[in-house]
Amino acid sequence: MTTSTPHTAFDPPIFGHLGMRPELVVAPVSDERVWLEIEPLVWLRPLFFDMNTGAHGEVLRVRKGGVLSRHKHPSPVHGFVLKGEWHYLEHTWTAVEGSYVFEPPGEVHSLTVDGDCEEMQTLFFIQGPIVNIDENDQVVRVEDNIDLIERLREAYEANGLGADFVNQFIR
């Protein structure tokens, strides 16, 4: 039997009787309420939360002039640019549509989309928490799966999707 929502689909796992969670197919988004604004001009669209490893997948969307605040990761991050382009304030290169980016653990960066780019979207596979730091390298926030899920629950409850809407992305 197939179980699905308008946003996700999956079939029961073969080893469900052993506690295995099902695969997950996330549909394209037409409802803007699925996106979580995490900073001005910066949104996150959840794809999955792996509660065993702490990894999660997301599409990050930044509109012209947007900056994802200075941060680092204690684990590797993989990114693939779907639309637009971006760069880190701390580096000389630019990631353009079709680019793959590997971020090693500990790399400090501030993701920036310049004002001449209408919109950037990048698929990120983040293998652990995001550590937001200030200009003095002091930790100001740690975003892990639990934090992100709680923020999404609040946002989805407030925008009418319902707090449980986020549950479909949790594995």
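Asp114 lies in the loop between E12 and E13. This is a predicted model. A search of the whole structure finds eleven salt bridges and two cavities of 30 Å³ or more. A nonpolar patch on the surface has about 470 Å² of accessible area. Two non-glycine residues treated below, Leu41 and Asp137, have a positive phi.

**Asp114 and its loop**

- Asp114 is partly exposed, because its relative accessible area of 38% falls between the 20% and 50% limits.
- Leaving aside residues up to four places away in sequence, Asp114 touches Lys64, Gly65 and His87.
- Asp114 and Glu32 are 82 residues apart along the chain, and their C-alpha atoms are separated by 23 Å.

**Salt bridges**

- Side chains of opposite charge can pair when their charged atoms come close.
- Arg61 and Glu32 meet in a salt bridge through their side chains, at 2.9 Å from N to O.
- That pair links distant parts of the chain, with the two positions 29 residues apart in numbering: Arg61 is in strand E6, and Glu32 is in the loop between strand E3 (25-26) and E4.
- Arg61 is buried, because its relative accessible area of 2% is under 20%.
- Lys83 and Glu119 form another salt bridge, at 3.1 Å from N to O.
- This pair also links distant parts of the chain: Lys83 sits in strand E8 and Glu119 in strand E13, 36 residues apart.
- Burial status differs by partner: Lys83 is partly exposed at 38% relative accessibility, whereas Glu119 is buried at 12%.
- Glu143 pairs with Arg141 in a salt bridge whose closest N and O atoms are 3.8 Å apart.
- Glu143 counts as buried at 9% relative accessibility, while Arg141 is partly exposed at 34%.
- Arg141, Glu143, Asp147 and Arg151 are joined into one network by salt bridges that share partners.

**Cavities**

- The largest cavity has a volume of about 150 Å³.
- Its lining has 17 residues, and Glu58, Leu68, His71, His73 and Ile130 lie nearest the centre.
- Strands E6 (56-63), E7 (67-72), E12 (109-112), E13 (119-126) and E14 each give two or more residues to the lining of the largest cavity.

**Nonpolar surface patch**

- The patch is formed by Phe80, Leu82, Tyr100, Phe102 and Leu123.
- The elements that give two or more residues to the patch are E8 and strand E11 (100-103).
- Phe80 is found in strand E8.
- Phe80 is partly exposed, because its relative accessible area of 37% lies between 20% and 50%.

**Gly79 in strand E8**

- Gly79 is found in strand E8, which spans residues 77-83.
- Gly79 is buried, because 4% relative accessibility is under the 20% limit.
- Beyond residues up to four places away in sequence, Gly79 touches Ser99, Tyr100, Val101, Thr122, Leu123 and Phe124.
- Two of these contacts, Tyr100 and Leu123, are also named in the nonpolar patch.
- The C-alpha atoms of Gly79 and Ala95 are separated by 9.6 Å, with the residues 16 apart along the chain.

**Positive phi outside glycine**

- Most residues other than glycine have a negative phi.
- Leu41 has a positive phi of about 70° and is not a glycine.
- Leu41 is placed in the loop between strand E4 (36-39) and strand E5 (42-49).
- Leu41 is partly exposed, because 35% relative accessibility falls between 20% and 50%.
- Asp137 also has a positive phi, near 65°.
- Asp137 is placed in the loop between strand E14 (130-133) and strand E15 (139-143).
- Asp137 counts as partly exposed at 47% relative accessibility.

Conventions:
Residues are numbered from 1 along each chain as its sequence is written. This is a predicted model: local features need pLDDT of at least 70, side-chain atom pairs count only at pLDDT 80 or more; totals for chains, interfaces and linings use all residues. Side-chain values use heavy atoms; hydrogens and water are left out. Helices (H or I, at least four residues) and strands (E, at least two) are DSSP runs, numbered from the N terminus. Buried means under 20% relative accessible area, exposed over 50%, partly exposed in between (1.4 Å probe, protein chains only). Contact means heavy atoms within 4.5 Å. Patches are made of residues with over 30% relative accessible area and no salt bridge: like charges are joined within 9 Å, nonpolar side chains (Val, Leu, Ile, Met, Phe, Trp, Tyr) within 5 Å. Accessible areas come from the Shrake-Rupley method with a 1.4 Å probe; for residues, only the protein chains shown count as cover. A salt bridge is a side-chain nitrogen of Lys or Arg within 4 Å of a carboxyl oxygen of Asp or Glu. On a 1 Å grid over the protein atoms alone, a cavity is a set of points where a 1.4 Å probe fits but cannot get out, and a pocket is an open set with protein on both sides within 12 Å along at least five of seven lines; lining residues have an atom within 4 Å of a point. Grid points are joined across faces, edges and corners, and a volume is the space filled by probe spheres set on the points.
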